[in-house]
Amino acid sequence: RNTNVVVKTLESSVALVLSGSGNDSAIGSGFFVSPSKIVTNGHVVEGAASTGSDVFVVNRQIGVQRARISDIQFSDNFSQDFALLTIDEKIGTPLTLVNTQSPNDYKLDRVFAGGFPGAVIESDAEFLNLLETGNFSAPDLVITDGTISSHQKVFGEVMAFVHTAQMSGGNSGGPLVNRCGNVIGVNTFINTSPDGIRNFSLISSELLRF
């Protein structure tokens, strides 16, 4: 039952983020934190911020909406990697943010990652239709589950959860939520090594500070 609630919550609140054009184009994910404001990663929209290119957010509830970058903080080592987007209409369904003051308390908790990983949606007919024709269609939201493995300060700067919910390029900026559908992290990057893949989410208390 709780899983169905999480799915419905994420499907109404998580959006595909399309930014830039040409070599500066990027695909990522984001989620509503108020009816008109969307959080994503800074690196998803950095190219658009530097060139003044368009940013669009898309999901089945809101359609395609042009967004402006209200604030962005980004550094190459991920010590800052948040952006706040704003749309004109107050039509989004916001997620609740958890102030994760004691990240060790979340170890082995079940979590869900919602987003639009490119490796999955590049074969989605709705996504291809959106890109090729400009007509509205929204790819299916990809939701994976896993558990919190650990937490660490990334490069000594910012606290992140390491978790096992599968991610790939395009998940950046999407939410990591608990069983209640509340945000405990922002999916930001993966680290691939010979012994496996580690998924990193900046914890939500870092987002609240932003």
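**Barrel, packing helices and two buried polar residues**

Phe31 has Val39 of strand 3 as its bridge partner in this predicted model. The pairing belongs to the contact between strand 2 (residues 26-34) and strand 3 (residues 37-40), which is antiparallel and comprises 3 bridges. Ser34 is likewise bridged to a residue of strand 3, namely Lys37. The two strands form a hairpin, with 2 residues between them. On the side of strand 1, strand 2 is joined through 6 bridges, again in the antiparallel sense. In that pairing, Ala26 of strand 2 stands opposite Ser19.

These strands are part of a closed barrel of 6 strands, ordered 1-2-3-6-5-4 and paired antiparallel. On average, neighbouring strands of the sheet are turned by 40° against each other, direction ignored. Helix 1 (residues 2-13) packs on this sheet, where it touches strand 1 (14-19), strand 2 and strand 4 (55-59). The direction of helix 1 makes an angle of about 30° with that of strand 1. Helix 4 (residues 125-133) also packs on the sheet, and its contacts are with strand 1, strand 2, strand 4 and strand 5 (63-74). For helix 4, the angle to the direction of strand 1 is about 35°.

Both ends of helix 4 show local features. At its start, a side-chain oxygen of Asp124 comes to within 2.8 Å of the backbone nitrogen of Glu126. After the helix comes Gly134, which has a positive phi near 80°.

The largest nonpolar core contains 30 residues, and Leu10, Leu16 and Phe31 are the members that touch the most others. Phe31 thus combines this role in the core with its bridge to Val39. At least two residues of the core are supplied by each of helix 1, strand 1, strand 6 (81-86), helix 4, strand 9 (158-163), strand 11 (183-193) and strand 12 (196-203). A second core, separate from this one, has 14 residues, among them Val44, Val45, Ala67 and Leu85.

Two polar residues in the strands were examined individually. Ser19 is located in strand 1. Because its relative accessible area is 2%, under the 20% limit, Ser19 counts as buried. Beyond four places in sequence, Ser19 touches Asp24, Ser25, Ala26, Val44, Val45, Ala48, Asp54 and Val55. Of these contacts, Ala26 is the residue opposite Ser19 in strand 2, while Val44 and Val45 are members of the second core. A polar atom of the Ser19 side chain lies 2.8 Å from the backbone oxygen of Val44.

Thr86 is found in strand 6. With a relative accessibility of 4%, Thr86 is also buried, since this value is under 20%. The residues that Thr86 touches, leaving out those up to four places away in sequence, are Ser36, Lys37, Arg66, Ala67, Arg68 and Ser70. Among them, Lys37 is the bridge partner of Ser34, and Ala67 belongs to the second core. The side chains of Thr86 and Ser70 are joined by a polar contact of 2.5 Å. Thr86 and Val39 are separated by 47 residues in sequence, and the distance between their C-alpha atoms is 9.0 Å. Val39 is the strand 3 residue that is bridged to Phe31.

Notes. Residues numbered from 1 in each chain as written. Predicted model: local features only at pLDDT ≥ 70, side-chain atom pairs only at ≥ 80, totals over all residues. Heavy atoms only, no water. Pairing = 2+ DSSP bridges. Helix = DSSP H or I, 4+ residues; strand = E, 2+ residues; numbered from the N terminus. Axes fitted to C-alpha atoms, helices over the stretch in contact; angles between N-to-C directions. Contact = heavy atoms within 4.5 Å. Core = buried A, V, L, I, M, F, W, Y, C linked by side-chain atoms within 4.5 Å. Buried < 20%, exposed > 50% of the residue type's maximum accessible area, 1.4 Å probe, protein only. Polar contact = N/O pair within 3.5 Å; in protein donor to acceptor, adjacent residues only side chain to side chain.
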